[in-house]
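Visitor: I would like a close look at one part of this protein, namely how its strands come together in a sheet and what lies around them. Could you take me through it carefully?

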Amino acid sequence: HCHGLFSLLIAHIGGISNSRIIFTPQGSDLLVLPDKNFLVRKFLSFKLAKISFITADSNLLLKKALALSPKLKESKLKIIQNGIPLDDIDRLIRDRGNKKNRTIDICWIRGLSEVYQFEYFLELLKRISKLYSSEINVHIISAYGEKTIPIELKKYKNININLLPRLNSIDFLKTLLNSKVVISIPKSDSSPRSVYEAINLGCSIFVTKLECLEWVPSGLKSNFLYSTNNLRKDSLNLINLIDNFKSRDFDISFKELFPDFYNALDYKKIANTYLRLFEKIQNG
């Protein structure tokens, strides 16, 4: 099982039979690198059609695989979502009990690089500070361990910034459970586990409108707002999400209402899906 382009290249150099390979690319492996590097594009156009299966968490990735390698058979393409710790989420919700108050107004859950549009997020905070008179508590979870608050963040009046280090899974989930609005606005299409976790934990979601989210049931999107890349409009929308946030009624079982969504995120079911692919390879 080759996760990422580097491991696929190592398997190729190591002479592993193509019929034994399942490839699960990262978003950049297909959506970014081939357009930047001719050798990567050439390698993928040759290799993708030969390996047994390509699994991905979004249709866009599989469509790009087909575009890169026209001889690739669609029967080799499989959608398998990134799982989330449903048992841990259920336990945290039970432990929380009837506590309704959430002290974090906005939680940034992705990286600080350009692909995640962190600079645009900073512009949103700057605009919100001018439009909103009340204090807003913002937590930024630094995926790569950054612990220093950027100087520009300290200039925004009414915005209280708390930059968190890289968190373990439980502390990450606890932060989401204490957040009203979760922001995820990357440029690239990649199935966001953290957004799925935030949905389960009753957060309002402010996201880029990407194809990877189209499979989320419409009944779970009532708290969704999509980024427009219009600073004023997005700032007002975020303020509206904060002001009108309503804590989810956890007595209603979303698992029962949307079983396909939850089954697709269950680690055990995902493992069994991969196991069936491995068995197909083993049996020829």
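Guide: In this predicted model, 4 strands form an open sheet in the order 1-2-3-4, and their pairing is parallel. Strand 1 (2-3) and strand 4 (77-79) stand at the edges, and because each has a single partner strand, one side of each is left without a neighbour in the sheet. Strand 2, residues 22-24, pairs with strand 3, residues 53-56, in the parallel sense over 2 bridges, and here Phe-23 stands opposite Ile-54 of strand 3. Packed on the sheet is helix 13 (residues 267-282), which touches strand 2, strand 3 and strand 4, and whose direction makes about 170° with that of strand 3.

Turning to the cysteines, Cys-2 is buried, with a relative accessible area of 7%, and the count of disulfides comes to 0. Cys-212 is accordingly in no disulfide, the nearest cysteine sulfur being that of Cys-203, 17 Å away; Cys-212 is also buried, at a relative accessible area of 2%.

As for the nonpolar interior, the largest core has 34 residues, and those with the most contacts inside it are Leu-176, Ile-199, Ile-205 and Phe-261. Among the elements that each supply at least two residues of this core are helix 6 (86-96), strand 5 (104-108) and helix 8 (169-177). Leaving aside neighbours within four places in sequence, Leu-176 is in contact with residues including Arg-102, Cys-107, Val-182, Glu-197 and Cys-203. A second, separate core of 27 residues includes Phe-121, Val-138, Ile-140 and Ile-239.

Note on methods
Residues numbered from 1 in each chain as written. Predicted model: local features only at pLDDT ≥ 70, side-chain atom pairs only at ≥ 80, totals over all residues. Heavy atoms only, no water. Pairing = 2+ DSSP bridges. Contact = heavy atoms within 4.5 Å. Axes fitted to C-alpha atoms, helices over the stretch in contact; angles between N-to-C directions. Disulfide = S-S within 2.5 Å. Buried < 20%, exposed > 50% of the residue type's maximum accessible area, 1.4 Å probe, protein only. Core = buried A, V, L, I, M, F, W, Y, C linked by side-chain atoms within 4.5 Å.
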